[in-house]
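Here is a friendly walk through a protein model for someone meeting it for the first time. Have a look at the sequence and the 3D view, then read on.

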Amino acid sequence: MYVEEKCIEELKIQWHPAFCSAMELILEEDKKYLEFIREYNLNTKPLQVDLLVIKKAAGYIVKDKIGKIFQEHNIFEYKSPNDEMNIDTFYKVNAYAALYKASARHVDEIKADRVTITMLREGKPIKLLQNLESYGFTIENPYKGIYYIKGRTYFPTQIIVSKELTGEQYVWLQALTKKLDQAKAERLIRQAKNSRSQENQELEDSVLTVSVRANPELFGKVKEDVEMSEALLELMANEINERVAMGEKRGEIRGERRGAIKGLQALVDILKNMGLDFETAYQSIIKTEAYAGIPREQIMEYWR
């Protein structure tokens with residue numbers, strides 16, 4: 001039962017790993033000068049920052065506008081579409097930054113002005129910005145979607161509103177939403193296909209998988225375009241294969257079927273949850289050894 005529940009749990013949308021992948025893709029041009037540390041432990045859990053970016057060359061200036069604020073130590077706090085970003089989030093991240101500064105081996109080894117905070121969310125946290133202004137902070141908006149918090153803070157701080165960002169590279173962040181439009185979905189697929197490289201494949205898969213799961217109806221429409229459908233299927237081949245294996249495992253655990261059809265219902269359920277249409281799922285299923293001989297009509301019965 002535990003393994004089955006774990007399989008189901010894995011179907012939940014993993015926003016934070018996809019966010020970290022998106023940031024690595026956006027900052028790809030600067031990557032050799034940066035080190036990305038996911039879920040950096042400040043002490044023991046749950047004192048953990050979503051992403052820590054270390055600038056390896058102190059004098060290097062990051063080219064992307066998100067990184068203009070960067071110093072040697074850069075802490076990221078990401079809020080998924082369902083999470084709120086409020087005044088307590090602001091102070092929590094400042095506390096994390098202070099704890100990080102104080103965690104160095106020697107006193108004042110990490111200078112406060114060498115630590116930055118980036119808080120990132122899809123939508124603009126209007127109430128938070130209002131609260132900060134009422135508390136005496138100054139808000140500057142140097143670039144569309146980027147807000148600098150000036151004044152009383154110990155650490156250089158910015159708030160990123162991903163849906164306001166302009167630039168092709170930000171499609172990776174803007175794909176992390178439940179409200180993706182068709183134009184952005186097609187742009188995401190094209191950019192993933194055109195920039196496909198062995199080094200970035202895992203990062204791109206992470207973002208693409210989350211976006212498809214979060215917007216199943218939209219990607220169902222995208223698949224009506226033959227070119228887009230073929231591109232999406234190619235891009236998601238690894239993910240689909242993993243889900244096929246997961247479906248087979250669930251079937252074995254539950255013991256609901258025997259022989260070649262063992263786990264077929266579980267597999268169909270998984271592929272539907274991924275947002276695939278029947279034809280795409282059918283082609284994936286029959287390519288596997290266990291289900292190669294299953295008639296189309298029989299798979300359709302499980303699909304209904």
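## Starting at Leu 120

Let's begin with one residue: Leu 120, which sits in strand β4, a stretch covering residues 115–121. Keep in mind that this is a predicted model. Is Leu 120 buried or exposed? Its relative accessibility is 1%, so Leu 120 counts as buried.

Who does Leu 120 meet in there? Setting aside neighbours within four places in sequence, Leu 120 is in contact with Phe 19, Met 23, Glu 77, Tyr 78, Lys 79, Met 85, Ile 160, Ser 162 and Leu 173. Take Leu 173 from that list: it is 53 residues from Leu 120 along the chain, and the C-alpha atoms of the two are separated by 9.7 Å.

## The overall picture

Now let's step back. The protein has 13 helices and 7 strands. Of its 304 residues, 50% count as buried.

Contacts between parts that are far apart in sequence also show up in the totals. Looking at contacts with a separation of 6 or more, 63% are between residues 24 or more positions apart.

## Two nonpolar cores

The largest nonpolar core has 44 residues, and the ones touching the most other members are Phe 19, Met 23, Trp 172, Leu 173 and Leu 176. Which helix gives this core its largest share? That's α2, with 8 residues. Back to Leu 173 for a moment: leaving out residues up to four places away in sequence, Leu 173 touches Phe 19, Ala 22, Met 23, Ile 26, Ile 66, Leu 120, Ser 162 and Leu 165.

There is also a second, separate core, made of 25 residues. Among them are Leu 52, Val 93, Ile 110 and Phe 137.

## Rings that pair up

How many aromatic pairs does the structure hold? There are 8. One of them is Phe 19 with Phe 76, a tilted pair with 6.1 Å from centre to centre and 50° between the planes. Phe 19 lies in helix α2 (residues 15–26) and Phe 76 in strand β3 (residues 73–79), so this pair ties together parts that are 57 residues apart in sequence. Both Phe 19 and Phe 76 are buried.

Phe 76 has another ring partner, Phe 70: their pair is edge-to-face, 5.9 Å centre to centre, with 90° between the planes. Phe 70 is buried too, as is Phe 76. Put the ring pairs together and you get a cluster of Phe 19, Phe 70, Phe 76 and Tyr 78.

## Another look at helix α2

Helix α2 is also home to Ser 21. With a relative accessible area of 2%, Ser 21 is buried. Which residues does Ser 21 contact, leaving aside its neighbours within four places in sequence? They are Arg 38, Leu 203, Ser 206 and Val 207.

## Two helices that cross

Next, find helix α12 (residues 278–286) and helix α13 (residues 296–303). They pack at an angle of about 125°, and their axes are 11 Å apart. The two helices are therefore oblique to each other, and their crossing is right-handed.

Several side chains come together here, judging by the residues that meet. On the α12 side these are Phe 278, Glu 279, Ala 281, Tyr 282, Ile 285 and Ile 286, and in α13 they are Arg 296, Ile 299, Met 300 and Trp 303.

## Partly exposed spots

Not everything is tucked away. Gln 130 is found in helix α4 (residues 126–134), and at 48% relative accessibility Gln 130 counts as partly exposed. The C-alpha atom of Gln 130 is separated by 9.6 Å from that of Ile 87, and the two residues are 43 apart along the chain.

Two other residues have an unusual backbone angle. Most residues other than glycine have a negative phi. Glu 39, though not a glycine, has a positive phi of about 45°. Glu 39 lies in strand β1 (residues 34–41), and its 46% relative accessibility makes it partly exposed. Asp 108 also has a positive phi, near 60°, without being glycine. Asp 108 is placed in the loop between α3 (87–102) and β4. Its relative accessible area is 37%, so Asp 108 is partly exposed.

Conventions. Residues numbered from 1 in each chain as written. Predicted model: local features only at pLDDT ≥ 70, side-chain atom pairs only at ≥ 80, totals over all residues. Heavy atoms only, no water. Phe/Tyr/Trp six-rings, centres within 6.5 Å; stacked < 30°, edge-to-face > 60°. Helix = DSSP H or I, 4+ residues; strand = E, 2+ residues; numbered from the N terminus. Buried < 20%, exposed > 50% of the residue type's maximum accessible area, 1.4 Å probe, protein only. Core = buried A, V, L, I, M, F, W, Y, C linked by side-chain atoms within 4.5 Å. Contact = heavy atoms within 4.5 Å. Axes fitted to C-alpha atoms, helices over the stretch in contact; angles between N-to-C directions. Parallel < 35°, antiparallel > 145°, perpendicular 65-115°, else oblique. Left-handed = near helix turned anticlockwise from the far one by under 90°.
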